[in-house]
Amino acid sequence: MNGIYLGIDVGGTHTDGVAVENGRILRKAKVPTQDDLVECTLDALETLLDGLNPRSVRRVVLSTTLVTNAIVQGRLEPTGTLLTAGPGIDPAVFAPDDRCRVVGGAVDHRGREIVPVDEGAATEHLDRLAGDGVRTVAVVGKFSTRNPTHELRLAELAGDRFDYVAQGHRVAGTLNFPRRVATAYLAAGAWRSHREFVAAMTAALRRFSVLAPLYVLRADGGTQMAAALANPAETALSGPAASVMGVDALGAVDGDTLSLDIGGTTTDISVFTGGAALLEPRGATVGSYRTQLRALYTRSTGAGGDSCVRLEDGRVRLGPDRCGPPAAFGGTHPTPTDALVVLGRILGDRHRAADALRPVARGLDLPVEAAARAVLRELGRTVAEAARKFLDEINAQPVYTIHELLQGHRVRPLRAVAVGGPARAAAPYLEDALDLPVRVPEHFDVANAVGAALARVNVEVHLVADTARGYLSIPQVDAYERIDRRFSLEDARQRIDRAVLDLARARGALDPDDRVERVDEESFNVIQGFSTAGAIHRLRAQIRPGILARIA
Amino acid sequence: MNLRAPQRTGIVFFPAFDWAIDPTHPEREERLLYTRDQIFEEGLLDIDGIVQFPPRVAAEADVARVHTGLPALADHLSDSHLISAGGAIEAGRRVLDGEVERAFALVRPPGHHARRVVWGLRGFCVINIEAVMIEHLRRHHGPDLRVAVVDTDCHHGDGTQDVYWNDPDTLFISIHQDGRTLYPGSGFPDEFGGPNAYGATLNVPLPPGTTDEGLLHVIDHLVLPVLEDWKPDLVINSAGQDNHFTDPITDMAITAQGYAELTRRLRPHVAVLEGGYSVQDALPYVNTGILLAMAGLDTRHVVEPDYRPGRFTVSEDARRYVERLCEILLEKYRDRDGLRRSAFGDRAHHREERQVFYDGAGITEHQAETVRLCDACGGSVQLETWVQPSRKALVVEIPRRCCPACRSDAEAAWERAGLDRYRWVELRDRPADRVERKTAGRSG
């Protein structure tokens, strides 16, 4: 990889940036995050480009809290929703808000139309939305990934009265109607602010004479050219993803590895197995929305360096709130960071830290140093307990064949990697609590930005070929094609490999080493009566989340 | 936007996508494929309060507690059967452990045609997954567990009936298409239980074409009153789905709405999938309906694409027949003690002979069963079984809750049984959870 790769992660407290060239970190930046995300991104960019030739920048990858915050804080653009459903749970239950309407129309599990779409009702609702000044719409059908014609028709009916129409099958390609509804709704609601942000950032890059394309980081730890992003909701939760990719890029992963990103108020936990980070089985949860967004499998525990320390029934407790910065850095409440300062493990105002911890020490009837150690043991305990729960959850993932059940691979990490501000100082306490060696790689304080800079494009594609119906669908590349009776498993393999590479290219893949990996393959006979009418092939293929290069 | 289940419900979903009896057999790989699609697309596993549990692999000891396999139990077991039974066990344990209020074992292969003695495959079944679960639960949660099994598969649950024929602590009710018109050809009202469990077996043969209304009539007017009287600790539903109007191998007219309503009224603690071979047109909807009903959620929209209320009707005669059948059976159940006295008198032992056809193996088994009449327990049982008269087996059973008299009767029979008469003699000491065998010759 020639040229300079820039990565910027706009987090809740800090905005971190790095410039990487040939596996070396050329520049680091750490600036406070401001309300205007463009501003702090530019601050970081300015630091990074200081003394570098902007023309040698190959790509700029941004990871921001823009979309996550809009979702969590309820600042999405007012969006209309049209649903078609058919048999099952009453679809009205899944209405994201009162701008939603269920219209007639149904497709079954094999993609056969059961009830045609009620165009009259749809048009009536669309007219009303347009009249109310709504500018973005989501259209979602049950089983639309098996047959998208209802969604396509609804989008057609919406026409150009709306600025953006999110179609379920395009933004959420696997089976899960309620999650598809949420995903399309978020895509439509986040569309405009994301677009404006990308436009502002692209213009700003040009002002810095950076001509390289702007990329965004996705929740699955993959990058994508910002201009080619179909679903802006995919940038939600890119922060935790950036750190996970950073852990990989800093060369700290070896076999089954637990990854810990110790932040201000939370510690994000994720797991590497077989050389790659695990993905959420059903999709990310963002705020109160369960979505189909492909995301790295991370769990957050409410304990970080700046968590408030309390006493509860004579025991030390952490968080879940942050009550301002640590006392050692101008705050008023004691935190684990203050405990580290008291013990001389990090630099800060030791006096203030000790003062803040004193009431806790008194409550525990311990000297301040011993109380500080108790606080850090509690941090370790909280993280270790969350990690154990998370591993249990991972290992309880369902399997559906006898072979898988009997061969079941259990994830058992033999080591952990910690990154984030307090990682190095807190590592011994994590080691004790986890009973695992904890490695803290160099550049642990900007792992997130390193991850953004070096993340690869990754994709996941699902193919369903139903030869009895003569139909093939690959929702992720919007492919819905006729096939004949002789379409074989081998044909399906070739078709899905092509789809993976097409999608990777469309997202801006730079890496010629991208390897298509077919992760699931199922073939079934379709029996009608007592004879074989055809076959159903289902394949899933991907380019795994990964990085372009390791930091030397 | 996120649904919450009023009743915390577990699901063990194990479609065994790599197992079939043979490629075009109704019991084949993709039987639950479309069901999985529907479950996933509905987002059923995302509902708060619906919890998915992986199956366990049942131990051979779990199976041996229920079945005598001949020549040897291991000859008949496969991983698929152990996982299916393990799925049922997992569902039952989660309920008894209090983790969930109800659980649905959506597993295959099925088991309700598997009887105590197993010589081979019959009715797509090898081991009785409900019985293996129940006996596992009794072993691990207390031997006094009072259980009712309500079998709503379209075929008579003759295997489960046989396993519990002499057990006064297990009520077995089978509702099915009349045996004169369907495999296995049994399940008539006069099949009422063994001499010490008379009235603990009830059979409700329904005429072909029975609709939701008829099935629900049986639930309301027979099953629920009997359950109220019996007071089981645990209600198990053998939830076969082949009463569906689209099922290719049966002739009933039940809809997904009917199944959902049945589940809502019956309120089983554990439902276990049995048959059901309309894999595209019924199972996705019926399973969705059952799971939602178990969880206490709305099922009004769970309807087949071609469903219309009032699509199926029955003649006035058929309706009256079902009503009358329920009245007679309820009366018979209430009078079961009196009927027992007149049927068995004060004989010391009761002997029954029967033949069992194994459609999957193409063999016919002969059985002669002798039960010691006992007011205190299920009675000791001596069961002679053979396919060829030169290779007979004797199974001696000391029942779970055994009185001293029955124990010495059984132990004497075990001592007496010589390998000159039998090729295999098995002692099933249920209180000790022990199976012992004497075998003639070198092979098992």
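**Close-up 1. Two cysteines of chain B that don't quite make a bond.** In this predicted model, the sulfur of B:Cys377 sits 3.6 Å from the closest cysteine sulfur, the one in B:Cys406. That is too far for a bond, because a disulfide needs the two sulfur atoms within 2.5 Å. B:Cys377 itself is tucked away, buried with a relative accessible area of 3%.

**Close-up 2. The one disulfide, in chain A.** Counting over all chains, the structure holds one disulfide. Its partners are A:Cys308 and A:Cys323, with their sulfur atoms 2.4 Å apart. The link is left-handed, at -125 degrees about the S-S bond. It ties together distant parts of the chain: A:Cys308 belongs to strand β18 (residues 307-312), while A:Cys323, 15 residues apart from it, is in the loop between β19 (315-322) and α8 (336-342) of chain A. As for surroundings, A:Cys308 counts as buried at 6% relative accessibility, whereas A:Cys323 is partly exposed at 28%. For contrast, take B:Cys125, which is in no disulfide: the nearest cysteine sulfur, in B:Cys154, is 14 Å away. B:Cys125 is buried too, with a relative accessibility of 1%.

**Close-up 3. Helix α4 of chain B, mostly out of sight.** Helix α4(B) runs over residues 129-141. Its 13 residues should span 18 Å at 1.5 Å a residue, and the end C-alpha atoms are indeed 18 Å apart. Ten of the 13 residues are buried, so the rest of the structure largely encloses this helix. The buried set takes in B:Ile129, B:Val132, B:Met133, B:Ile134 and B:Leu137, among others, and also includes B:Glu130, B:Glu135, B:His136 and B:Arg138. Just after the helix comes B:Gly142, with a positive phi of about 125 degrees.

**Close-up 4. B:Ile175 and the largest nonpolar core.** This core has 90 residues, and B:Ile175 is one of those touching the most other members, along with B:Ile47, B:Val204, B:Val218 and B:Val223. Helix α6 of chain B (residues 212-230) supplies the largest share, nine residues. Leaving aside neighbours within four places in sequence, B:Ile175 is in contact with several residues, including B:Val204, B:Leu215, B:Val218, B:Ile219 and B:Val223. Its contacts aren't purely nonpolar partners, though: B:Asp151, B:Thr152 and B:Asp153 are also among them. Apart from this core lies another, of 78 residues, with A:Val20, A:Tyr297, A:Val342 and A:Ala372 among its members. As a general backdrop, nonpolar side chains tend to be buried together in soluble globular proteins.

**Close-up 5. A buried asparagine in a chain A loop.** A:Asn231 lies in the loop between β11 (223-225) and α7 (238-249) of chain A. Loop or not, A:Asn231 counts as buried, at 1% relative accessibility. A polar atom of its side chain lies 2.9 Å from the backbone nitrogen of A:Ala233. Beyond neighbours within four places in sequence, A:Asn231 is in contact with A:Val171, A:Thr183, A:Ala187 and A:Leu293.

**Zooming out. Chain B as a whole.** Chain B has eleven helices and 16 strands. Its radius of gyration is 21 Å, close to the 22 Å that the globule rule gives for 444 residues, so chain B is as compact as a globular protein of that length. The C-alpha trace spans about 70 × 45 × 40 Å along its principal axes. Buried residues account for 64% of the 444 in the chain. Of the chain B contacts between residues at least 6 apart in sequence, 72% join residues at least 24 apart.

Notes
Residues are numbered from 1 along each chain as its sequence is written. Chains are lettered from A and ligands numbered from 1 in the order in which they are written. This is a predicted model: local features need pLDDT of at least 70, side-chain atom pairs count only at pLDDT 80 or more; totals for chains, interfaces and linings use all residues. Side-chain values use heavy atoms; hydrogens and water are left out. A nonpolar core is a set of buried Ala, Val, Leu, Ile, Met, Phe, Trp, Tyr and Cys residues joined through side-chain atoms within 4.5 Å. Buried means under 20% relative accessible area, exposed over 50%, partly exposed in between (1.4 Å probe, protein chains only). Helices (H or I, at least four residues) and strands (E, at least two) are DSSP runs, numbered from the N terminus. Contact means heavy atoms within 4.5 Å. The expected span of a helix is 1.5 Å times one less than its number of residues. A polar contact is a pair of N or O atoms within 3.5 Å; within protein, one must be able to donate a hydrogen and the other to accept it, and residues adjacent in sequence count only if both atoms are side-chain atoms. The radius of gyration is taken over C-alpha atoms; the globule rule is 2.2 Å times the number of residues to the power 0.38.
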